[in-house]
Amino acid sequence: MGADNATVSRPPAAVDDTGRLLPPPGWYPNPDGTPSLRWWSGLAWTADVQRYAPARSTSDLIARVIIALAIAFLAVMLIVGGLITASNP
């Protein structure tokens with residue numbers, strides 16, 4: 001009982017007045033430039049908006065890890081230096 005000759009029904013693609021195919025309906029970056037998504041109906045932008053925060057880049061994550069490691073290294077060096085100084089009268 002398979003799906004012999006099954007077809008997926010899709011809405012016809014919308015075309016603008018110059019004959020270009022329009023993007024399918026969905027959430028797209030807001031054309032007004034704000035950090036949000038706006039719903040495209042397939043024919044026009046709607047009033048529906050979703051806020052989002054841009055994803056952090058990998059280089060931002062690497063910079064944070066390097067800073068954390070540098071702070072940890074300095075803390076260990078201060079502790080070791082304090083122990084050495086305390087053990088030498």
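How exposed is Arg64, in terms of relative accessible area? Hold that thought for a second, everyone, and hello. Arg64 is partly exposed, with a relative accessible area of 46%. We'll come back to its partner shortly. One caution before we go on: what you see on the screen is a predicted model.

Let's start with the overall layout. The chain has 3 strands and 1 helix, and reading from the N terminus the order is β-β-β-α. Of the 89 residues, 9% are buried. About 7700 Å² of the chain is exposed, and 66% of that area comes from carbon and sulfur atoms. For those of you who like contact maps: take the contacts between residues at least 6 apart in sequence, and 3% of them join residues at least 24 apart.

Now the strands. β1 covers residues 26-29, and it runs antiparallel to β2, with 4 bridges joining the two. One pairing to look for is Tyr28, whose bridge partner in β2 is Arg38. The hairpin of β1 and β2 has 6 residues between the strands, and there Gly33 takes a positive phi near 90 degrees.

On the other side of the story, β2 is joined to β3, residues 45-51, by 4 bridges, again antiparallel. Here Ser36 has Arg51 as its bridge partner in β3. This second hairpin has 4 residues between its strands, and Gly42 in the turn shows a positive phi of about 105 degrees.

Strand β2 itself, residues 36-40, has a nice alternation. Ser36, Arg38 and Trp40 point to one face and are buried, whereas Leu37 and Trp39 point to the other face and are not. So if you're colouring by accessibility, that pattern is a good thing to look at.Next, please find Asn30 in the loop between β1 and β2. Is Asn30 buried or exposed? Asn30 counts as buried, at 8% relative accessibility. Its side chain makes a polar contact with the side chain of Thr34, at 3.3 Å. Leaving aside neighbours within four places in sequence, Asn30 is in contact with Ser36, Leu37, Arg38 and Val49.

On to charges. How many salt bridges does a search of the whole structure find? The search finds 2. In one of them, Asp16 pairs with Arg20, and the closest N and O atoms are 3.1 Å apart. The two ends sit in contrasting surroundings: Asp16 counts as buried at 18% relative accessibility, while Arg20 is exposed at 56%. The cut-off for buried is under 20%, which is why Asp16, at 18%, falls in that class.

Asp60 and Arg64 meet in a salt bridge too, at 3.7 Å from N to O. Here is the partner I promised: Asp60 is partly exposed, with a relative accessible area of 28%, and Arg64 is partly exposed at 46%. Both belong to helix α1, residues 58-87, and because they are 4 residues apart there, about one helical turn separates them.

Last stop, the surface. Phe73, Leu74, Val76, Met77, Val80 and Ile84 make a nonpolar surface patch of about 560 Å². Ile84 lies in helix α1, and this residue is partly exposed, with a relative accessible area of 49%.

That's my tour. Thanks for listening, and I'm happy to take questions.

Conventions. Residues numbered from 1 in each chain as written. Predicted model: local features only at pLDDT ≥ 70, side-chain atom pairs only at ≥ 80, totals over all residues. Heavy atoms only, no water. Buried < 20%, exposed > 50% of the residue type's maximum accessible area, 1.4 Å probe, protein only. Pairing = 2+ DSSP bridges. Salt bridge = Lys/Arg side-chain N within 4 Å of Asp/Glu carboxyl O. Polar contact = N/O pair within 3.5 Å; in protein donor to acceptor, adjacent residues only side chain to side chain. Contact = heavy atoms within 4.5 Å. Patch = residues over 30% accessible without salt bridge, like charges linked within 9 Å, V, L, I, M, F, W, Y side chains within 5 Å. Areas by Shrake-Rupley, 256 points an atom, 1.4 Å probe, with all protein chains shown as cover.
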